[in-house]
Amino acid sequence: MRAEPAPPSGAAPRRPLPLRVAVPAAVAAGLALLLAFPPYGVWPLAPVGVALLAVAAHRRRLRAGAGLGFLTGVAFFAPLLAWTNLHTGYLPWVLLSLLQAGYLALLGAATAWVSPLADRLPWSWAPLTAVLWVGQEALRDRTPFGGFPWGRLAFSQGDAPLLRLAAIGGAPLVTFAVALAGGLLVAAGWRRWDAAVWRTPRWRPVAGLALGAVLVCAVGLLVPVGRAGGGTAVTVAIVQGNVPRLGLDFNAQRQAVLNNHVDATIELAARVAAGERARPDLVVWPENSSDIDPLRNPTAGARISQAADAIGAPILVGAVLLGPGAGQVRNAGILWRPGTGPDLDQLYTKRHPVPFAEYVPLRDLARMVSKQVDRVRADFVPGSTPGVVRTGPAVLGDVICFEVAYDEVVRDTVTGGAQLLVVQTNNATFDVAEARQQLAMVRLRAVEHGRPALMASTVGVSGFVAPDGRVSDATGFNTREVVLRQVHLADGRTLATRLGYWPEVALAALALAALAGAAVLRRRRGQPG
């Protein structure tokens with residue numbers, strides 16, 4: 001792309017979008033991003049949202065850019081995370097939404113900061129936008145208290161061709177491509193805006209940039225991804241036992257929840273014995289399917305053994321285990337074998353407990369903000385080893401609930417030998433929107449690592465995901481269902497698995513270099529913030 005010519009003598013100076021337009025554009029950016037995610041799933045709106053924020057913040061002062069980014073963040077995250085206020089009151093939802101919006105405020109400020117660079121080198125505008133998005137997500141995914149990756153651009157692309165790029169560079173590369181398409185759109189829109197100011201319209205470059213955005217979104221079709229078939233076949237059953245009532249008191253119903261999963265498994269065994277269903281090689285129960293510690297409670301252990309013996313296959317049980325210290329618990333996946341019971345060598349403890357939900361950092365300070373923190377009476381202790389569970393029929397890569405959003409947690413299971421990715425989750429305190437957002441993450445992980453995957457939930461949505469991201473046998477929400485499917489295990493490694501975090505490191509480093517380059521250019525021009 002050729003550099004923009006200087007405006008003709010007497011023409012209006014180059015300027016930002018009028019504030020009366022920029023503010024609605026920033027709000028529209030957040031709403032466009034929201035609609036790109038499940039349960040709406042209008043994925044082409046993700047680049048549009050990126051473009052609207054970029055055009056709103058371009059050539060602004062830092063505070064104005066930050067303010068516009070914050071508006072986008074509130075419009076996006078408040079409705080996206082509305083499921084967090086269903087049973088805990090409004091305060092946690094508001095605080096979490098505002099915290100996440102703060103990262104888009106930083107992005108808005110960064111977008112304003114690099115404006116001179118984009119004006120000086122117009123060809124750089126799209127990659128600048130893309131690397132800034134990756135840098136923002138890299139920061140948000142890790143801070144504070146381990147970060148909260150919900151709402152990454154990559155997770156909006158479950159039905160898009162760009163999902164295939166996950167096999168090359170994981171979620172960071174998908175985010176980069178989405179934002180790159182958005183950057184091309186904003187460059188096209190801005191050329192038209194400047195042309196209107198100068199009274200010298202140029203449609204050919206505008207059309208070329210818009211076409212470039214479309215081509216970026218389609219480039220994923222060129223990437224081959226794994227397809228089911230070719231590996232060892234195993235039959236897997238997902239048991240979604242359901243809970244008597246949705247809400248935080250699901251924990252008070254723990255015996256009923258355990259009984260639901262035992263009874264559903266025994267019913268499956270009866271259908272197998274009658275020849276109506278194939279016998280599974282493995283059964284997966286969800287997170288919190290036994291909130292009674294089955295290693296310490298003989299009755300709970302006996303019930304699980306009853307189910308395992310009836311079905312004649314190992315069961316991966318999501319359990320809450322007491323200890324190791326007083327006032328501590330563990331969120332675990334434990335393999336329960338028929339005839340012998342719990343296999344303590346095949347036990348995974350969740351490595352990334354959720355702050356303020358499974359443990360409370362700075363409890364005394366947090367209590368001053370909300371006494372809701374005292375609902376968490378015992379802190380969950382994190383595990384220290386990846387969730388590689390060797391069942392005999394298959395090697396599982398077990399991750400629990402929100403862990404599926406964290407790149408390294410899932411990758412560690414694959415490099416540890418996992419042939420099938422398993423996400424045990426409990427959505428009883430949330431809603432179907434949250435469950436579908438989580439399933440979109442499972443789809444990306446399947447493509448990223450070339451593995452079949454499944455999500456097992458207490459209440460839904462549960463289902464199987466092929467290595468190309470296709471979903472099969474998805475269950476309804478707040479229902480009791482058992483789904484059975486033959487899956488083909490996989491052992492190879494995708495390029496994304498081999499590269500690990502390096503694509504994100506490289507793209508985030510480019511974002512820092514862009515900020516530094518803009519600083520140099522600003523200093524030379526004597527531009528204020």
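How many of the six residues of strand S9 are buried? Select S9, residues 420-425, and let us find out together.

**Before you click**

This is a predicted model, in which local features need pLDDT of at least 70 and side-chain atom pairs count only at pLDDT 80 or more, while totals for chains, interfaces and linings use all residues. Residues are numbered from 1 along each chain as its sequence is written, and side-chain values use heavy atoms, with hydrogens and water left out.

**Stop 1: strand S9**

The answer is six of six, and S9 is mostly covered. Buried here means under 20% relative accessible area, exposed means over 50%, and partly exposed is in between (1.4 Å probe, protein chains only). Show the side chains: Leu420, Val422 and Gln424 point one way, whereas Leu421, Val423 and Thr425 point the other way. Strands and helices are DSSP runs numbered from the N terminus, with at least two residues (E) for a strand and at least four (H or I) for a helix.

**Stop 2: the sheet around S9**

Now widen the selection to the open sheet of six strands, ordered S7-S8-S9-S10-S11-S12 with mixed pairing. Strand S7 (388-390) and strand S12 (471-472) stand at the edges with a single partner strand each, so one side of each has no neighbour in the sheet. Strands of a sheet pair through backbone hydrogen bonds, either parallel or antiparallel. Two strands count as paired if DSSP finds at least two bridges between them.

You can view both kinds of pairing here:

- S8 and S9 run parallel and are joined by five bridges; look for Ile400 opposite Gln424 in S9.
- S10 (residues 453-457) and S11 (residues 463-465) run antiparallel and are joined by three bridges; look for Met455 opposite Gly463 in S11.

**Stop 3: two helices across the sheet**

Select helix H12 (residues 407-415), which lies across S7, S8 and S9 and runs at about 165° to S8. Then add helix H13 (residues 432-449), lying across S9, S10, S11 and S12 at about 160° to S10. These angles run from 0 to 180 degrees between N-to-C directions, with axes fitted as lines to C-alpha atoms, for helices over the stretch in contact. Contact means heavy atoms within 4.5 Å.

**Stop 4: a salt-bridge network**

Stay on H13 and pick Arg445 and Glu448. They form a salt bridge whose closest N and O atoms are 2.8 Å apart. A salt bridge is a side-chain nitrogen of Lys or Arg within 4 Å of a carboxyl oxygen of Asp or Glu. Why are these two residues about one helical turn apart? Because they are three residues apart in helix H13. Both Arg445 and Glu448 are buried. Add Glu137, Asp141, Arg152 and Asp407, and you have the whole network joined by salt bridges that share partners.

The structure holds 17 salt bridges. One of them pairs Asp263 with Arg303, at 3.6 Å between the closest N and O atoms. This pair links distant parts of the chain, with Asp263 in helix H9 (residues 254-273) and Arg303 in helix H10, 40 residues apart. Asp263 is partly exposed at 29% relative accessibility, whereas Arg303 is buried at 18%.

**Stop 5: Pro286**

Go to the loop between strand S2 (282-284) and helix H10 (298-311), where Pro286 sits. Pro286 has 0% relative accessibility and therefore counts as buried. Its C-alpha is 4.8 Å from that of Ala456, although the two are 170 residues apart in sequence. Leaving out residues up to four places away in sequence, Pro286 touches Gln424, Thr425, Ala456 and Ser457, among others.

**Stop 6: out to the surface**

Finally, select Ile168, Leu495, Leu499, Tyr501, Trp502 and Val505, which make a nonpolar surface patch of about 550 Å². Such patches are made of residues with over 30% relative accessible area and no salt bridge; nonpolar side chains (Val, Leu, Ile, Met, Phe, Trp, Tyr) are joined within 5 Å, and like charges within 9 Å. Accessible areas come from the Shrake-Rupley method with a 1.4 Å probe, and for residues only the protein chains shown count as cover. Helix H14 (495-499) and helix H15 (502-525) each supply at least two residues of the patch. Trp502, in helix H15, is exposed at 52% relative accessibility.

**Zoom out**

Show the whole protein: it has 15 helices and 13 strands. Of its 529 residues, 57% count as buried.
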